Amino acid sequence: MTPFLRTAAAIAMTLAISASPLHAQEEEPVALIADRIIFTGEDTLIAEGDVQVFSEGRALNATRLTYNDTTGALIIDGPITLRDADGTVLLADAGELDTELETGILNTARVLVNERLQITGAQMERREGGFNDFRRVVATSCEICKPGQKPLWEVRARRVVQDENSQRIYFYDANFRVSGVPVFYLPVLRVPDPAVDRMTGFLLPSFSVSSLLGNGIRIPYFITLGQSADVTLTPYITDEDARTLELRYRQAFRRGNLIAEGAISQDNVMPEETRGYLFANARIRVPLGFTLLADYERTSDRTYLRDYDYSTKDILDSGFRLFRVQDEQLIDFSFTNFESLREADIGNAYSQLVEFDYRHSWEPAGIGGLLAFSFVAQARPRDDSPDEDNPNVDQIRGSFDWERTWTVASGFRFSTEAEANFDYRRITDDDIFPENQTAFTPTLATELSWPLAAQGKHAGVRYLLEPVAQLVWTRPDTLEGPNEDSTAISLDTGNLFALNRFPGLDRYETGLRSNLALRWARLAPSGNELGLTLGRVVRFGDTFDAEDSAILDGDASDWLAQIDVDFANRLNLRNLLLVNESGTPSINEARASWGSQGVTLSAAYVWQDADTSALLDSDLSELAFLGGFNITRTISTSFDLRHDFILDRTNRVDVGLAYENECIRVDLTAQRRFTSNAGDETETTYGLQVQLAGFGSEIGRNRARRKCTTRGRLG
């Protein structure tokens, strides 16, 4: 019996459902499984029914297969499904392949690449080396529900070559169509395989219409620089003679990463100037568990970032930070250089800040509680010439803080806290304040609260009531100097029980005072929560004046009232109200957010009475409203509105409309905004961006595919 008949007999002995080598000399045998196997002559095998062939990670399914041992060819009747090891799915009506399923010809072939891009050809030649050569081709990633239906977009080509090794797809004589209508023609088009994450080449362009810069187009070109770096160069050209080259550089290191973004422009806004900006930041893990953060921000002029909508920042900060965070220890060193873009900046704003912060905490034996030590050093070197309004201020502060809490049988909770601060301050280039100052500032505090709980009438509903009283004493502050950090002091539930509400090292909140609050809450098993807080600061001796904060001025602060509502984590409401002695509101902040399937809404309204201590010379009344929702399964909208009621103007409005299905995403945007912090100059911009699924884009993966009444999807 010939080797072939011995092989055939072995297949037959497994009840026609088995795996057997078709070429005994191959290191990895080809396996065949079928419902029926028929042997004709000395060298022919016919498999019928559910035919399956496995070879080197590839799997083939067909209804009938004829194998000729002399020629080594598989003649296959479809429908044929061939799955490669990389996940590519190929369909055909009929064909002829070798036993490795690597070379051959398939008729009416269709391939589904990475479950994204469908390529259909009248004939496909599968060549050794991972080449699929299609003739008379239609390619799309859109759902095709029935024969003859026009996809939303398609590329028709005389020939398409898919190179599986380089992961590139080449289109020859490519004709791009939208709903069957030709849009443009390219003699050669090269696109990355949909499975590729990064590959050098052009990205899809975007279009914009700006009242300041004119009609423009951006054509990004992506360049890979090895496995760990890439750069994107984007020419931006408008019909108003604005020429811009945008750049984004990314690099991943073994211990961190670097990202840099910038642009250089010549336009009619400043015809005689070359404008530009550069933002760069890096994060690197260094030895001993430290992390290094570095950033650089620079722009050519005050309005460039807003003119091109690169950023809304009005103060640029560059510098570095080296820090380490452990369970009981913090080490943090930073240097920051500030550059203001405001038209009228604060007169005493410093340009540089060097800061070192060390904190360590532990539980001391014997006395219990928590003991913490902190050391803070600040230096503020200035680039400008000495000015009596801008003296150089350097300061060192060392602090010990101890706190402990007791709960007694009656439910009362008692806590005490002691803090000792040691300060050294040095002021130069100033004729008003002493040059060298030292101070010891102790603080003592005790707090008494009585948490009460009750069960509601409804099952699982609980009510909580907690009165809290805190008594604090701080030795009068003996340090003198300009107030640079501790401005714009407010009062809220977050700092109501703070020992010192000044955020910087400039000032202490001194004297004897009492922080009082009454908290009430209703908690339901459904997740609905309602909370109310009422509080105030009462002083025993007028140690605060309006120069520090009008809200905290005098013998007692404004009344604080806050309400929090949470409906099962979908609707969240918060309203903070501060009311002065005369019953007039001084601050009202309202925030609301709603989140559900397909809908996200958020709104914030702030009203504040004029307060020179908070650098607010006039009343403030502003509304911010943003969000988005899905209109249909494929259409969504987004918006961002900022309105100033005092100036009676809309500072910014952004509206976006997006259409996205399994094969395309179209973004339409409209924006109107002021180009500077002050003034009435506005800019209106319209934008259009199109992304095609399967051509280097990940869009469509989170969208449900369109539902077809009849099965027509490839693969």
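## Strand pairing

Two strands pair if DSSP finds at least two bridges between them. In this predicted model, strand β2 (residues 36–40) and strand β3 (residues 44–55) are joined by five bridges. The two strands run antiparallel. Across the pairing, I37 stands opposite A47 in β3.

β2 and β3 form a hairpin. Three residues lie between the strands. G41 sits in the turn and has a positive phi of about 70°.

## Confidence

The protein has a mean pLDDT of 84. Of its residues, 87% reach 70 or more. Element by element, the lowest mean pLDDT is 38, for helix α1 (residues 3–12). The highest is 97, for strand β20 (residues 275–285). Residues 1–27 have pLDDT below 50. Beyond near neighbours in sequence, that stretch still has 38 contacts in the model.

A second stretch, residues 709–715, also stays under 50 in pLDDT. There the model has 17 contacts beyond four places in sequence.

## Nonpolar cores

In soluble globular proteins, nonpolar side chains tend to be buried together. Here, the largest nonpolar core holds 45 residues. Which of its members touch the most other members? They are L60, I119, W153 and F171. Another core lies apart from this one and has 14 residues. Among them are V468, A517, L576 and I587.

I119 shows how such a residue is surrounded. Leaving aside neighbours within four places in sequence, I119 contacts A109, R110, V111, F134, V137, V138, A139, V160 and I169.

## Salt bridges

Side chains of opposite charge can pair when their charged atoms come close. The whole structure contains 37 salt bridges. One of them joins D77 to R64, with the closest N and O atoms 3.8 Å apart. This pair links distant parts of the chain: D77 is in strand β5 (residues 73–83) and R64 in strand β4 (residues 58–68), 13 residues apart. D77 has a relative accessible area of 30%, so it is partly exposed. R64, at 29%, is also partly exposed.

E683 and R673 meet in another salt bridge, at 2.7 Å from N to O. Strand β41 (residues 682–692) carries E683, and strand β40 (residues 664–674) carries R673; 10 residues separate the two. Are E683 and R673 buried or exposed? Both are buried. They also belong to a network of salt bridges that links D309, R652, D654, R673 and E683.

E660 and R665 form a further salt bridge, with the closest N and O atoms 2.6 Å apart. E660 counts as buried because its relative accessibility is 9%, and the cut-off for buried is under 20%.

## A serine in a loop

Where does S311 sit? Its place is in the loop between α2 (304–307) and β22 (315–325). Why does S311 count as buried? Its relative accessibility is 12%, and buried means under 20%.

A polar atom of the S311 side chain lies 3.1 Å from the backbone nitrogen of K313. Not counting residues up to four places away in sequence, S311 touches F279, L305 and R306. Of these contacts, F279 falls within strand β20 (residues 275–285), the element with the highest mean pLDDT.

Terms used: Residues numbered from 1 in each chain as written. Predicted model: local features only at pLDDT ≥ 70, side-chain atom pairs only at ≥ 80, totals over all residues. Heavy atoms only, no water. Helix = DSSP H or I, 4+ residues; strand = E, 2+ residues; numbered from the N terminus. Buried < 20%, exposed > 50% of the residue type's maximum accessible area, 1.4 Å probe, protein only. Polar contact = N/O pair within 3.5 Å; in protein donor to acceptor, adjacent residues only side chain to side chain. Contact = heavy atoms within 4.5 Å. Core = buried A, V, L, I, M, F, W, Y, C linked by side-chain atoms within 4.5 Å. Salt bridge = Lys/Arg side-chain N within 4 Å of Asp/Glu carboxyl O. pLDDT = per-residue confidence, 0-100.
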